[in-house]
Amino acid sequence: MAAPESLSLAQARRMALAAQGFADPPPTGAPTRRHLRRVLDRVGLIQMDSVNVLQRAHYLPLYSRLGPYPTSLLDTAAYRPPRELFEYWGHEASLVPVGLHPALRWRMAKARDDAWGGMRRIAQEQPELVAWVRDEVAARGPLTAAEIEHDAPRETGNWGWNWSAVKRALEFLFWAGEVTAATRTPSFARRYDLPARVLPAAVLDAPTPTDAEAYRILVAVAARSLGVAAEPELRDYFRLPLAGARQAVAELVEAGELVPVTVPGWRQPAWRHVDARLPRWVRVNTLVSPFDPLVWERARTERLFGFGYRIEIYVPAAQRVHGYYVLPFLQGERFTARVDLKADRKAGVLLVPAVWQEPGVDPGETAVALAAELRRLAGWLGLDAVAPPAAGDLAAPLAAALHRLTGVP
């Protein structure tokens, strides 16, 4: 094997940002389906999360790359025929391009072994309930879990009916690929239906690859979306099994799709995708979701950007360092700040509970750029104003920058 290529840390950082779509030119007009597809080609899949303190997580990666866009673009791609995305377990709960359905069937086939404990137990201990729920969806779908539970026998009978049991049965069937999400309710509950009534026939009729082929497909998607990465990140992108991912990496190296590289400070072997491009610079000022694929793998985020980051949603309030729903601020090629945000929809205000600067940044310059981005974000969310920040070491410069921008104290 030839000696690995050498990348500087700055080159690896720009390559990673370009692979994720942050070096693409912004839309000159209103974003369209073409722009949506470009982002999906870059990121490979979009993580979902139920927290809605600011905006649903799956809408934010497109905002970070396109700027203000109509969220109906994503809704249509995911929940209206002809569908381009479907819900499934990709990284976590995700919107995944329908073309990857065959490459995820290995996970569906292993549901009885790999699904979370409550789902496995319901399939093992109450197969009659699982079959009944499947039949209900087939006969009456699309349905929410609550709608199925509402019509379930109220007697304990043989199965011990309750809402959580129905929900676990549905989630097992979802993991197994026997039901899928047809739509979402306004409260974000899934409406379940049969895949044959939701997904394109051509997707369902596509041949199922072997497990090894599927791992190779998914690692290739991860490599293209990451640009340059070590093995743990290539494996983590679709949460692949260790042995399967390692074999896929070796085969992709052999095929020339992955190129070994060295990056200063990276202890683990790393690879770049053969098509990864290296821009001369990345010029962007945007907020990044806590669930954005750019920051999924925290160790890589720290190696690339010198940015230690964690989500503190599940940390007790008194123990949080930066806040509940903290978004990194990407300014050019580095993260220069992090800001805790909350949308007060009733008052029409974007609240800023705290904002913090990163070491070595110019606080005035960062505050000006962040103030403009917060105004842009507020407008996209349909909010009328940005409140002065309440806490944090960047609060005073940001408050001043917001005042200069809006004239509102």
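Good morning. I shall begin with one residue, Phe188, which is buried, with a relative accessible area of 14%. The structure in which Phe188 sits is a predicted model. Phe188 lies in the loop between S5 and S6. Its phi is near 80°, a positive value in a residue other than glycine.

A second residue may be set beside Phe188. Arg239, although not a glycine, also has a positive phi, of about 55°. Arg239 is found in the loop between helix H13 (231–236) and helix H14 (242–254). Is Arg239 buried or partly exposed? At 35% relative accessibility, Arg239 counts as partly exposed.

Let me stay with the backbone for a moment and turn to the peptide bonds. Pro81 and Pro82 are joined by a cis peptide bond, with an omega of about -5°. Pro82 belongs to the loop between helix H4 (72–79) and strand S3 (85–89). A cis peptide bond also runs from Gly141 to Pro142, where omega is near 5°. The loop that holds Pro142 lies between H8 and helix H9 (145–151).

I now move to the domains. The domain assignment divides the chain into domain 1 (5–101 + 207–273), domain 2 (115–199) and domain 3 (310–406). Please note that domain 1 is given as two segments of the chain.

How do domain 1 and domain 3 meet? Their centres, taken over C-alpha atoms, are separated by 26 Å. At the interface, 18 residues of domain 1 are in contact with 18 residues of domain 3. About 1,600 Å² is buried between domain 1 and domain 3, and carbon and sulfur atoms give 65% of that area. Which residues of domain 1 lose the most area to domain 3? They are Val53, Leu54 and Tyr63, which together make up 45% of what the domain 1 side buries.

The interface has polar features as well. Between domain 1 and domain 3 there are eight residue pairs in polar contact. As for the elements involved, helix H1 (9–19) and helix H3 (60–66) each supply at least two residues of the side of domain 1 that touches domain 3. The largest share of that side, three residues, comes from H1. By class, the side of domain 1 that touches domain 3 has 11 nonpolar, four polar and three charged residues.

How many salt bridges cross the interface of domain 1 and domain 3? One is found there. Arg14 and Glu333 form a salt bridge in which the closest N and O atoms are 4.0 Å apart.

Let us now consider salt bridges in the structure as a whole. A search of the whole structure finds 25 of them. In one, the side chains of Arg277 and Asp24 meet at 2.9 Å, N to O. Arg277 lies in the loop between strand S9 (270–273) and strand S10 (285–287), and Asp24 in the loop between H1 and helix H2 (33–43), so this salt bridge ties together parts that are 253 residues apart in sequence. The partners may also be described by their accessibility. Arg277 is partly exposed, with a relative accessible area of 37%, whereas Asp24 is buried, at 10%.

Another salt bridge joins Glu178 and Arg134, whose closest N and O atoms are 2.5 Å apart. This pair links distant parts of the chain, 44 residues apart: Glu178 is in the loop between helix H10 (163–175) and strand S5 (180–184), and Arg134 is in helix H8 (residues 127–140). Glu178 counts as partly exposed, at 31% relative accessibility. Arg134 is likewise partly exposed, with a relative accessible area of 26%.

My last example is the salt bridge between Glu171 and Arg190, with 2.9 Å between the closest N and O atoms. Since Glu171 lies in helix H10 and Arg190 in strand S6 (residues 190–193), the pair ties together parts that are 19 residues apart in sequence. Glu171 is buried, with a relative accessible area of 9%. Arg190 counts as buried too, at 9% relative accessibility. Which residues are joined into one network by salt bridges that share partners? The network consists of Glu87, Lys167, Glu171, Arg184 and Arg190.

Thank you for your attention.

Terms used. Residues numbered from 1 in each chain as written. Predicted model: local features only at pLDDT ≥ 70, side-chain atom pairs only at ≥ 80, totals over all residues. Heavy atoms only, no water. Domains from an automatic or database assignment. Contact = heavy atoms within 4.5 Å. Buried area = accessible area lost by both parts, 1.4 Å probe. Polar contact = N/O pair within 3.5 Å; in protein donor to acceptor, adjacent residues only side chain to side chain. Helix = DSSP H or I, 4+ residues; strand = E, 2+ residues; numbered from the N terminus. Nonpolar A, V, L, I, M, F, W, Y, C, P; charged D, E, K, R; others polar. Buried < 20%, exposed > 50% of the residue type's maximum accessible area, 1.4 Å probe, protein only.
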